[in-house]
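Let's take a walk through a protein model together, one piece at a time. Keep the picture open beside you and find each part as we get to it.

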Amino acid sequence: MNGMLLSMVAYDDEGNPDPTTVKPLIDGGTEGFKGNVRSVVPGITACLECSIDLYPPAVNFPMCTIAHTPRLPEHCIEYVKVLLWPKEEPFGAGIGVDGDDPKHISWICGKAEDRAKEFGIEGVTYRLTLGVIKNIIPAVASTNAVIAAACATEVFKVASSMYAPLDNYFLFNDVDGVYSSSFSYERNPECLACSQKPQLITAKPLDTLQDLIDALKEHPLFQMRSPGITTKINGKSKTLYMPNVPMLEAQTRENLERSLADLGFLDGQELVVVDVTSPTARVLTVKFP
């Protein structure tokens with residue numbers, strides 16, 4: 001949704017967004033007794049991607065703890081899911097864990113209870129097992145109501161222009177008492193989604209085009225899946241690789257093994273990259289060390 005709204009924004013020659021093409025977004029979310037609301041004006045305020053650093057990393061338990069020294073009921077559940085399931089294959093060879101299948105959850109829960117008893121751990125339940133397997137965060141009705149009301153209020157402000165809208169981030173926390181605050185989250189000038197500035201990627205002249213594509217897939221900033229790349233060499237537009245069009249893929253496949261220098265790349269070469277992870281093309285600049 002973030003990328004689609006940004007793709008609808010038209011810019012003038014000076015890089016200013018056309019107000020008639022801007023579609024505001026009001027986004028809200030809750031996590032237990034905590035919640036937030038944000039007001040996004042694409043091309044003007046920080047987009048969702050700008051604030052991606054606010055999200056905490058996924059909870060991962062150390063493998064040594066799961067296998068040898070479990071201390072929590074979650075450790076026992078993860079042990080069954082990660083280690084015991086592939087070993088015993090309770091529902092047939094090659095069948096993975098299905099969080100929506102009650103039989104799978106029941107089997108994991110039973111085995112986790114056995115392991116918990118072995119280490120003197122209490123608290124393994126079917127509900128907890130389902131939550132760990134599907135990464136479910138408990139919902140609190142009162143928090144959902146507060147955030148829903150805040151979102152509705154912001155929509156009313158934007159639609160009616162009767163009051164200044166939120167600028168642009170609102171936090172709510174009632175874990176211990178009730179606390180709320182708001183602040184203006186600034187746009188990230190290097191944001192891959194909303195910045196009009198070409199993004200830098202480092203490569204070596206002897207790297208192959210396949211190396212560059214692999215870098216686009218593995219780089220934490222880009223995380224592309226099947227990028228198609230075009231550029232201008234000697235003033236002429238050239239398609240280097242286009243994986244999602246069978247005819248073009250066959251014609252450009254040989255470029256994958258050619259070095260960037262052989263393809264005519266120079267330091268500062270600009271690439272236009274399309275990928276399923278973004279509704280719009282991205283402009284990248286290749287920087288040689």
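Let's start with a hollow: the residues that line the largest cavity divide into five nonpolar, three polar and one charged. In this sorting, Ala, Val, Leu, Ile, Met, Phe, Trp, Tyr, Cys and Pro count as nonpolar, Asp, Glu, Lys and Arg as charged, and the others, Gly among them, as polar. Before going on, you should know that this is a predicted model, where local features need pLDDT of at least 70 and side-chain atom pairs count only at pLDDT 80 or more, while totals for chains, interfaces and linings use all residues. Residues are numbered from 1 along each chain as its sequence is written, and side-chain values use heavy atoms, with hydrogens and water left out.

How does anyone find a hollow in a model? Rolling a probe the size of a water molecule over the atoms shows where empty space is left. Here the search runs on a 1 Å grid over the protein atoms alone: a cavity is a set of points where a 1.4 Å probe fits but cannot get out, a pocket is an open set with protein on both sides within 12 Å along at least five of seven lines, and lining residues have an atom within 4 Å of a point. Grid points are joined across faces, edges and corners, and the volume is the space filled by probe spheres set on the points.

Searching the whole structure this way turns up one cavity of 30 Å³ or more. The largest cavity holds about 50 Å³ of space. Its lining is made up of Arg-38, Ser-39, Val-40, Ala-46, Cys-47, Ser-51, Asn-168, Tyr-169 and Tyr-185. Strand 2 provides the largest share of that lining, three residues. Helices (H or I, at least four residues) and strands (E, at least two) are DSSP runs, numbered from the N terminus.

Asn-168, one of the cavity's lining residues, is worth a second look. A cis peptide bond joins Asp-167 to Asn-168, with omega at about -15°. You'll find Asn-168 in the loop between helix 6 and strand 3.

Now follow that loop back to helix 6 itself. Helix 6 covers residues 141-160, 20 residues in total, and spans 28 Å from its first C-alpha to its last, close to the 28 Å expected at 1.5 Å a residue (the expected span is 1.5 Å times one less than the number of residues). Which residues of helix 6 are buried? They are Thr-143, Ile-147, Ala-150, Cys-151, Glu-154 and Lys-157. These buried residues sit on the same side of helix 6, because they cover an arc of only 120° around the axis, the arc being that of the directions from the helix axis to the C-beta atoms. The general pattern is handy to remember: an α-helix has 3.6 residues a turn, so residues three or four places apart point the same way.

Buried, by the way, means under 20% relative accessible area, exposed over 50%, and partly exposed in between (1.4 Å probe, protein chains only). The buried residues of helix 6 pack against strand 1 (25-31), strand 2 (34-40) and strand 3 (169-173), where contact means heavy atoms within 4.5 Å. Turn to the face pointing away from the buried side, and you meet the exposed residues Ala-141 and Ala-159.

Right after helix 6 comes Ser-161. Its phi is near 55°, a positive value in a residue other than glycine. With a relative accessible area of 63%, Ser-161 is exposed. Something similar turns up elsewhere: Gln-223 isn't a glycine, yet its phi is positive, about 50°. Gln-223 sits in the loop between helix 7 (209-218) and strand 6 (228-233), and at 49% relative accessible area it is partly exposed.

Next, step to the other end of helix 6. Val-140 lies in the loop between helix 5 and helix 6, and it counts as buried at 17% relative accessibility. Val-140 and Gly-32 are 108 residues apart in sequence, but 5.5 Å apart in space, C-alpha to C-alpha. Leaving out residues up to four places away in sequence, Val-140 touches Gly-32 and Phe-33.

Helix 5 (residues 126-134) has its own buried residues: Thr-129, Gly-131, Val-132 and Ile-133. Among what covers them are helix 3 (73-88) and helix 4 (102-118).

Last stop: the second largest pocket, with about 790 Å³ of space. Helix 1 gives the most to its lining, four residues.
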